[in-house]
Amino acid sequence: MGGVVFCAYRGIIDYMRHHEEADPRPAFVDHVISTTLVSTGVSLFYATRPWQVFCTAFFSTVLVAPFMWWLKK
C-alpha cells in the first residue's frame with residue numbers, strides 16, 4: 001500500500017509540474033493539493049460515512065500536508 005501511495009503522490013506532482021516554467025503556483029501549493037488528493041482517495045476505501053471523508057480531507061490539508069512539507073525540507 002505504501003508504494004502505491006508514493007507513486008500516486010509522485011504522479012500527481014509530475015502531472016501538475018510538467019511545465020514548470022508556465023506554472024504560477026508555488027511548489028508548496030502543489031504538495032498540499034497532491035497530499036490532500038491522495039489521503040482523500042485512501043479514505044474513500046476505509047471511511048464508512050461521507051463526513052469521515054470530508055474530515056480526512058480537511059485534516060490532511062491543515063495538518064498533514066504542512067508537516068510533510070516541513071519533513072521533506
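## Briefing: a pocket and three helices

The largest pocket in this structure has a volume of about 160 Å³. The model is a predicted one, and its protein chain contains 3 helices and 0 strands, so that reading from the N terminus the elements follow the order α-α-α. The points below take up the pocket, the chain as a whole, helix α3, and finally one buried residue of helix α2, D30.

**The largest pocket**

- The residues that line the largest pocket are Y9, H31, T35, V38, S39, V64, M68 and K72.
- Helices α2 and α3 each contribute at least two residues to this lining, and it is α2 that gives the most, with 4 residues.

**The chain as a whole**

- Measuring along its principal axes, the C-alpha trace of the protein chain spans about 40 × 20 × 20 Å.
- The protein chain has 73 residues, of which 27% count as buried.
- Among the contacts in the protein chain with a separation of 6 or more, 49% are accounted for by residues that lie 24 or more positions apart.

**Helix α3**

- Helix α3 covers residues 50-72, and because each residue should add 1.5 Å, its 23 residues should span 33 Å, a value with which the 30 Å between its end C-alpha atoms agrees.
- The helix α3 also bends, by about 45 degrees, and the bend is located at S60.
- S60 is itself buried, as are V53, A57, A65 and W69 in the same helix, α3.
- The buried residues of α3 pack against α2, the helix made up of residues 27-46.
- As a general background to such patterns, an α-helix has 3.6 residues a turn, so residues three or four places apart point the same way.

**D30, a residue of helix α2**

- Is D30, which is found in helix α2, buried or exposed? D30 counts as buried because its relative accessibility is 0%, and the cut-off for being buried is under 20% relative accessible area.
- The side chain of D30 makes a polar contact with the side chain of R25, at 2.6 Å.
- When residues up to four places away in sequence are left out, D30 touches I13, M16, R17, D23 and R25, so R25 appears both in this list and as the partner in the polar contact.

Key. Residues numbered from 1 in each chain as written. Predicted model: local features only at pLDDT ≥ 70, side-chain atom pairs only at ≥ 80, totals over all residues. Heavy atoms only, no water. Expected span 1.5 Å × (residues − 1). Bend = angle between axes of the 7 residues up to and from the residue. Buried < 20%, exposed > 50% of the residue type's maximum accessible area, 1.4 Å probe, protein only. Contact = heavy atoms within 4.5 Å. Polar contact = N/O pair within 3.5 Å; in protein donor to acceptor, adjacent residues only side chain to side chain. 1 Å grid on protein atoms, 1.4 Å probe; cavity = no way out; pocket = protein on both sides within 12 Å on 5 of 7 lines; lining within 4 Å. Points joined across faces, edges and corners; volume = space filled by probe spheres on them.
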